[in-house]
Amino acid sequence: MEKSCIRLVSYNVHSGKNTKEIVEVFTHDKNLSTADIILFQEIEFHKVEKVSRAEIIARELGFHFVYEPSRDIKNSGNHGLATLSRYPIKNNLSIELPKYKLLFSIQKRIALITSIEIAGINITVCNIHLDTRLSPKQRMNQLNACLLKLKENYGQNIIVGGDFNTIPFRISTGSIPIFYSNQTKHLHKNMVDMGFKHFCKEPIDYTMKSGFLKMKLDHIYTDRLPIIKCGIE
């Protein structure tokens with residue numbers, strides 16, 4: 001019996017204003033053009049544009065989609081998460097995550113949960129975007145608010161992916177990096193303890209570069225579904 005696979009992509013689009021370029025890469029790139037499920041973080045909707053950026057991209061790719069705003073922004077718009085799928089989305093739910101004061105502001109963060117049926121199997125996909133300047137304990141508290149809800153209400157065949165913002169620092173008073181801390185290691189232990197035992201075993205490079213700083217911020221985990229191959233595009 002031939003095994004079937006799905007390809008999932010997570011991408012922080014930093015507002016997603018360049019919808020044409022995003023469509024172009026998901027249409028022509030060798031690997032991204034075969035994506036079955038796409039998780040966007042930091043995508044926006046501006047009322048002056050009439051249609052959300054997630055819908056524009058989904059429509060061009062021929063995908064089903066759900067967009068969920070996490071907070072309002074200036075100029076009559078909002079900022080949030082979107083999940084796109086080749087397969088019909090059965091239902092969706094957003095979960096508000098615990099809030100932490102970062103420097104002088106508190107931002108609302110959410111996780112977007114979608115149920116998708118693929119080849120007769122129900123898959124639950126959680127698209128998540130955690131805060132940046134959090135201690136490992138705060139990060140796990142914010143994450144586990146979502147994981148506990150997933151385990152309680154959705155059973156198995158769960159995929160959790162997105163921008164976990166696992167910065168390589170420990171933070172003091174919500175703003176000041178005080179020393180190196182492997183937050184990815186803390187995240188990994190927490191995910192495994194929560195039953196998400198499948199992840200990328202291949203050597204994975206950084207997912208964000210800012211000047212000389214290279215950081216691995218983005219991750220994908222599953223509880224039962226094995227990960228066959230993974231990489232960074």
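Is C126 buried or exposed, and what is its relative accessible area? I would like to start there, because C126 is buried, with a relative accessible area of 0%. Please keep in mind throughout that we are looking at a predicted model.

C126 takes part in no disulfide, and the nearest cysteine sulfur, which belongs to C146, is 3.2 Å away. Seen from the other side, C146 is likewise in no disulfide, with the sulfur of C126 as its nearest cysteine sulfur at 3.2 Å. C146 is buried as well, at a relative accessible area of 0%. Why, then, is this pair in no disulfide? The cut-off answers that: a disulfide requires two cysteine sulfur atoms within 2.5 Å, and the sulfur of C146 is 3.2 Å from that of C126.

Let me turn to the cysteines that do pair. For those new to the term, a disulfide is a covalent bond between the sulfur atoms of two cysteines. The structure holds one disulfide, and it joins C200 to C230, with a distance from S to S of 1.3 Å. This pair links distant parts of the chain, since C200 is in the loop between α4 (183–193) and β13 (208–210), while C230 is in the segment after β15 (218–222), 30 residues apart. As for accessibility, C200 counts as partly exposed, at 25%.

Now to the aromatic rings. A pair of such rings is described by the distance of the centres and the angle of the planes. In this model the count comes to four aromatic pairs, and I will describe two, beginning with F26 and F40. Their ring centres are 6.1 Å apart and their planes stand at 80°, so this pair is edge-to-face. F26 lies in helix α1 (residues 19–28) and F40 in strand β2 (residues 37–46), so the pair ties together parts that are 14 residues apart in sequence. Both F26 and F40 are buried, and ring pairs link these two with Y11 into a cluster.

The second pair, F199 and Y221, is tilted, with 5.8 Å from centre to centre and 40° between the planes. Here too distant parts of the chain are linked, because F199 is in the loop between α4 and β13 and Y221 is in strand β15, 22 residues apart. Y221 counts as buried, at 4% relative accessibility.

Finally, there is a contact between a charge and a ring: the charged end of K151 sits over the ring of F196, at 4.7 Å from the ring's centre.

Terms used:
Residues numbered from 1 in each chain as written. Predicted model: local features only at pLDDT ≥ 70, side-chain atom pairs only at ≥ 80, totals over all residues. Heavy atoms only, no water. Helix = DSSP H or I, 4+ residues; strand = E, 2+ residues; numbered from the N terminus. Buried < 20%, exposed > 50% of the residue type's maximum accessible area, 1.4 Å probe, protein only. Phe/Tyr/Trp six-rings, centres within 6.5 Å; stacked < 30°, edge-to-face > 60°. Lys NZ or Arg CZ within 6 Å of the ring centre and 35° of its normal.
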